[in-house]
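Work through the exercises below with the model open. Try each task before reading its solution.

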Amino acid sequence: MLFWNPYKKVKGFCRMRIVEAIDITQAVAELCIKANTCVGEDIYNALDRSRQDEALPNAKWALDTILENAVIAKRENLPICQDTGMAVVFVGIGSDIHVNGDINQAINQGVRQGYRDGYFRNSVVQDPIDRINTNDNTPAVIHYDFVPGDRLSITVAPKGFGSENMSGVSMLKPSDGAEGIKEFVVKTIESAGASPCPPIIAGVGIGGTMEKAAILAKQALLRDVGSVNADPYWAEFESELLAHINALSIGPAGFGGKTTALALHILTYPTHIAGLPVAVNIGCHANRHQTVEL
């Protein structure tokens, strides 16, 4: 379809790719079901490796149970966990795309549909104080990013609050430096103990402002387990922090052992000369998320 582009210096037409709102709804519904029933291959493999390396009997048993649960959930199309989370949706919108319809409504309708069709628990309340359930797990928390190209990517990451409640943000001083970051991250995870259903995946956001650091931390959870940070400095930082966290010996389901965390991922952003915002977003052992590109 052709659209007039009034901003071109030379009169002409620019091609815009049309994405229908109904296709977004269908994609989100399918992602909600898949994310809640299928553990990612990268996570499953990491859990399996941890099981093979583990020596402590109770920790082995916990990992065996986690792995068996993942297999049954996928086979029977059942939720991995009874807490099917609040739907967090990351949307990458290409600059050469036009969405035919209301994208917010389309996404929320997809969540509504997916949670209904998957027979998932509705966990969202309409007001933080009156606590009245919305009965369809909406609204979702939606983050938009505008990128070059003519594709639209959607990631649905259902976030259970066993792990979300253990997350945190700290506005460190620049003088706290790298050691201050490490101390805050380790203390946050140590305080969490077994509550976020370890072995966890830890997302760490550093920089920006308070809310930017928190979003970075949640986005960091979307990286594949086993991937290496592209920046050698932060790759080493991740490795060192992961070692510190596993040395806590909280272990699978809090039974002790070698694996408190399967991975720790860091995302950074420029920040103000007077600040050092740091956020830790903890993902449970399933760390649910699925992505599609339209």
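## Exercises on a predicted model

Leu248 touches Val186, Ile189 and Glu190, leaving aside residues up to four places away in sequence. The model is predicted.

**Exercise 1. Place Leu248 in the fold and decide whether Leu248 counts as buried, partly exposed or exposed.**

Step 1. Find the segment. Leu248 sits in the loop between helix H8 (232-246) and strand E10 (261-271).

Step 2. Apply the cut-offs. Buried means under 20% relative accessible area, and exposed means over 50%. Leu248 has 24% relative accessibility, so Leu248 counts as partly exposed.

Step 3. Check a distance. Trp61 is 187 residues from Leu248 along the chain, and their C-alpha atoms are 19 Å apart.

**Exercise 2. Give the strand order of the open sheet and identify its edges.**

Step 1. Trace the strands. Four of them form the open sheet, in the order E6-E4-E7-E12. The pairing is mixed.

Step 2. Find the edges. Strand E6 (141-147) and strand E12 (290-293) each have a single partner strand, so one side of each lacks a neighbour in the sheet.

Step 3. Add the twist. From one strand to the next, it averages 15°.

Step 4. Inspect one pair. Strands E4 (residues 86-94) and E7 (residues 152-159) run antiparallel and are joined by eight bridges. Met86 has Lys159 in E7 as its bridge partner.

**Exercise 3. Describe how helices H1 and H7 meet the sheet.**

Step 1. Start with H1 (residues 21-37). This helix lies across E7 and E12, at about 40° to E7.

Step 2. Turn to H7 (residues 210-220). Helix H7 packs on the sheet and touches E4, E6 and E7. Its direction makes about 95° with that of E4.

Step 3. List the buried residues of H7. They are Ala213, Leu216, Ala217, Lys218 and Ala220.

Step 4. Name what they pack against. The partners are E4, E7, helix H5 (161-164), strand E9 (200-208), E10 and E11.

**Exercise 4. Determine the surroundings of Asn287: where does Asn287 lie, and which residues does Asn287 touch?**

Step 1. Locate the residue. Asn287 is in the loop between strand E11 (276-283) and E12.

Step 2. Classify the burial. The cut-off for buried is under 20%. Asn287 has 7% relative accessibility and therefore counts as buried.

Step 3. List the contacts. Asn287 touches Ile43, Ile201 and Leu221, not counting residues up to four places away in sequence.

Step 4. Look for a polar partner. A polar atom of the Asn287 side chain lies 2.9 Å from the backbone oxygen of Leu221.

Key
Residues numbered from 1 in each chain as written. Predicted model: local features only at pLDDT ≥ 70, side-chain atom pairs only at ≥ 80, totals over all residues. Heavy atoms only, no water. Pairing = 2+ DSSP bridges. Helix = DSSP H or I, 4+ residues; strand = E, 2+ residues; numbered from the N terminus. Axes fitted to C-alpha atoms, helices over the stretch in contact; angles between N-to-C directions. Contact = heavy atoms within 4.5 Å. Buried < 20%, exposed > 50% of the residue type's maximum accessible area, 1.4 Å probe, protein only. Polar contact = N/O pair within 3.5 Å; in protein donor to acceptor, adjacent residues only side chain to side chain.
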